[in-house]
Amino acid sequence: MAVCFTCRTALRRNIDILKKLRQRRAQSTNGDPTHKKPKQAARQQPEQVPTPNNVPTLNFWQRLGPLTRAAQAYARAQRKRPYVTQVCTSLFIYLCSDISAQSMSGKDYDPTRTARSLLVGSISAIPSYRWFVWLSDNFNYPSRVLSIAAKVIVNQICFTPVFNTYFFGMQALLSGANPAETWERIRQTVPVSCLNSCKLWPAVTAFSFALLPLEYRPVFGGVIAVGWQTYLSYLNRLAERRIARQAEGSLAAALGEKVTRWLGPAIVQKMAGTVSPARRLLAAAFRPIIRPQPRLGNHIPHRLTSTTSRKPPSTARTMLATSVLAAIAGITYYYTTDTRASLHQWLVPRVLRVLFPDAEDAHHAGTAALKALYSLGLHPRERPSALPFLDSYPASSSSRSSPLAVTVFGTTLANPIGISAGLDKDAEIPDPLFALGAGVVEVGGCTPLPQEGNPRPRVFRIPAVDGLINRYGLNSRGADAMAARLRDRLRRLARRWGLTEREVLDGEGGVPPGSLAPGRLLCVQIAKNKKTDERDMEAVIRDHVYCVQRLAPYADVLVVNVSSPNTPGLRDLQAAGPLARLLGAVVDEAKRTDRKAKPRVMVKVSPDEDDDTQMEGVVQAVWMSGVDGVIVGNTTKRRTGLVKEGVRLTGKEQKALAEDGGFSGPAMFDRTLSLVARYRKMLDSYSHKAAGVDDAFPGQKVIFATGGITNGDQALKILNAGASVAMVYTGLVYGGSGTITRIKKEMSEKLAIKEA
């Protein structure tokens, strides 16, 4: 009876928590008609008295009281500031393990050993964390057992030897050992520790990846690591003693040779035949001489030879040198990963042009480098300190509003600068591009089926005018491949935040479902396949609808590209009738996207279609179809007015300028500025005519502008002409990864001067 009474009391006390769990479970059923709402269910059936048989119990780890609350607090800190949390956790682990290891040695406490351990742990904290995050995001197969087995094997083969080598090597160097002694210690300890780690860490790794969320793995690993680091410290202590005994034996052998030369072999042999007590007395007498001690001043001059043993450097000197090297490494990392670094503007683009004469090879190399650097945490990024008044967060997240913040499609963008499509054709690096400071990133263009595009070479540089000629021809890996890549990106973020994929898509993560970052928008450009006949409108519509079905869940904005000059017949779709039909089908399909906030739809128009009649047809199609906005500008097939007076082109540049394809560069700016102003006027003039077309869309259409924008003054002119976002592409090619930050800085300076 007492046991039953205790159980009922505990269950009544947790009744509020259980109600909340049931409500959350009911809300996550995605509209299943068989699941009733909590309020309706509460009205239809009476409240049951909680008993051990009808109340679901919480997991064991959720019923540990203060321990559970502490773990949840740690998880929140891990999600908010992962790097700081990892460093603090590592320092605590290494402190506990070193204290435990020193207590096992039986000697007095040595604070310098603790300082060495803390330095070793702080340096390895972030790389270790990045490794396990990378391991979590990779080797994920349909079979859960296969996935965990692959992670365990890769961790044991790659991470364990490297970490143990680093641990023992740093301990040896910081204790004053020379390179030879350091290598000897590594050779003696690393193989043993790697073999012994197979007894424990595979099980720990498998348990972590199988049962624990990402934010709780450091807590679990830390508890195990205290004992494991104690074991490593114990091995390190044994290695130190072994090396000391070997050094003592070497000194004794050297002293024996000197005694033999001094007394003669006969006397030494006679001494060797004495009884063991005399031998022990002789050993005791020579022990103070054999034991390494500081030498007294010797006034007899002598020449140091190559065989003279040198005193190892002091611990303080070694720690000072290590600290200086660590400081240099930290400063180098901070400088090279900051978009303000001048090397990104003046060095990297020129090195790429030298190393890769083919511009397309340089493009692929840059994309691969950004992708690899981002996975290692070494990518260039815009730090908040780069623009004190223009934080890399939306204006609503700070106490004072950013002067560059702009609201587009209901989202407050951190800034109105974007990156045009073509730089990231297959959605491989949207996050590294967002890290450069862009408020909008456009990926693609993407076609429904994979296609190779036009034959190579198909990209040509014109450095004299900072221009490019490209005739890629919409090379794409297909909508399915891009959708899989974007879906994996979303799922990795959902796992990191402890949410489901559906919750992130519905905006419960507090970020747009496309960009997955506050104050950012991800645009996905779609187009028809080259083989699809542009005269068969049904086939063209099917191509675009297929892309929408695959990509709309992972995009904030869908961009219909009907302006590429490198796909035959594509620009013919800009006629009013066909364009209205196509855009209407895309808008209708976008509205059927399975998520709460539907993606917006924009159309990208050509700068060459600048006749008033052609522009009016585009504007009419935009209002008839219910499209949300227009991206004004693309590459041009015209070659007039691209080279200013006084600029001389080399023979190679003249040949490149004569190539077929679309031109992009600063020479396009004046044309883009004029088109933005004209489209703004035409779109606004149609607003009163289309007031009743679709109340779900805003009254004023949004304009993004791209073409020739390279500095802050040009971006402000584009925005003042009526655009909401100014986008760059060729400016990044010639200006480097700091272009976005530089443009925003110039804009802020201009605005500050006007306000003053």
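Me: Working rule first: a salt bridge is a side-chain nitrogen of Lys or Arg within 4 Å of a carboxyl oxygen of Asp or Glu. How many salt bridges does that count give?
Reply: The model is a predicted one, and the count comes to 32 salt bridges.

Me: What does Arg 502 meet in a salt bridge?
Reply: Its partner is Asp 594, with 3.1 Å between N and O. The pair links distant parts of the chain, 92 residues apart. Asp 594 sits in the loop between helix H21 (576–591) and strand S9 (600–605), and Arg 502 is in helix H19 (residues 501–505).

Me: Asp 594, buried or exposed?
Reply: Asp 594 is exposed, at a relative accessible area of 56%. Arg 502 is partly exposed, at 25%.

Me: And Asp 608, which residue does it form a salt bridge with?
Reply: With Arg 671; the closest N and O atoms are 3.5 Å apart. Asp 608 belongs to the loop between S9 and helix H22 (612–625), while Arg 671 is part of helix H24 (residues 669–685), so this pair ties together parts 63 residues apart in sequence. Asp 608 is buried, with a relative accessible area of 11%.

Me: Going further along, where do Asp 713 and Lys 750 lie?
Reply: Those two side chains meet in a salt bridge, 3.8 Å from N to O. Asp 713 is in helix H25 (residues 712–720) and Lys 750 in helix H27 (residues 739–755), so parts 37 residues apart in sequence are tied together. Both ends are partly exposed: Asp 713 has 29% relative accessibility, and Lys 750 has 36%.

Me: Which residues are linked in a network of salt bridges?
Reply: Asp 358, Glu 360, Asp 361, Arg 456 and Arg 458 are linked that way.

Me: Switching to cysteines. How many disulfides in the count?
Reply: Zero.

Me: Why is there no bond from the sulfur of Cys 446?
Reply: The closest cysteine sulfur, in Cys 547, is 5.1 Å away, which is too far for a bond. The cut-off for a disulfide is a pair of cysteine sulfur atoms within 2.5 Å. Cys 547 is likewise in no disulfide, as its nearest cysteine sulfur is that of Cys 446.

Me: Cys 446, buried or exposed?
Reply: Cys 446 is buried, at 0% relative accessibility. Cys 547 is also buried, at 0%.

Me: Now the sheet. In what order do the three strands come?
Reply: The order is S5-S6-S11, an open sheet with antiparallel pairing. Strand S5 (459–462) and strand S11 (662–664) are the edges, each pairing on one side only. From one strand to the next the twist averages 20°.

Me: How many bridges between S5 and S6?
Reply: Four, in the antiparallel sense. One bridge pairs Ile 462 with Gly 467 in S6.

Me: What about the hairpin of S5 and S6, how many residues between the strands?
Reply: There are four, and Asp 466 in that hairpin takes a positive phi near 50°.

Me: And S6 to S11, how many bridges there?
Reply: Strand S6 (residues 467–470) is joined to S11 by three bridges, and these strands run antiparallel. Ile 469 faces Phe 663 of S11 across the pairing.

Me: Back to S5, which residues cover which side?
Reply: Val 459 and Arg 461 are on one side, and Phe 460 and Ile 462 are on the other. All of them are buried, so both faces of S5 are covered. In a regular strand the side chains alternate between the two faces of the sheet.

Me: Surface next. Which residues make the nonpolar patch?
Reply: Tyr 333, Tyr 334, Leu 373, Leu 376 and Leu 378 make a patch of about 450 Å². Helix H13 (315–336) and helix H16 (359–376) are the elements that give two or more residues to this patch.

Me: Take Tyr 334. How accessible is it, as a relative figure?
Reply: Tyr 334, in helix H13, is partly exposed at 40% relative accessibility.

Me: Last one: Val 190, which helix does it lie in?
Reply: Helix H8 (residues 179–197). Val 190 is buried, with a relative accessible area of 9%. Thr 160 is 30 residues from Val 190 in sequence, and their C-alpha atoms are 9.3 Å apart.

Technical notes. Residues numbered from 1 in each chain as written. Predicted model: local features only at pLDDT ≥ 70, side-chain atom pairs only at ≥ 80, totals over all residues. Heavy atoms only, no water. Buried < 20%, exposed > 50% of the residue type's maximum accessible area, 1.4 Å probe, protein only. Pairing = 2+ DSSP bridges. Axes fitted to C-alpha atoms, helices over the stretch in contact; angles between N-to-C directions. Patch = residues over 30% accessible without salt bridge, like charges linked within 9 Å, V, L, I, M, F, W, Y side chains within 5 Å. Areas by Shrake-Rupley, 256 points an atom, 1.4 Å probe, with all protein chains shown as cover.
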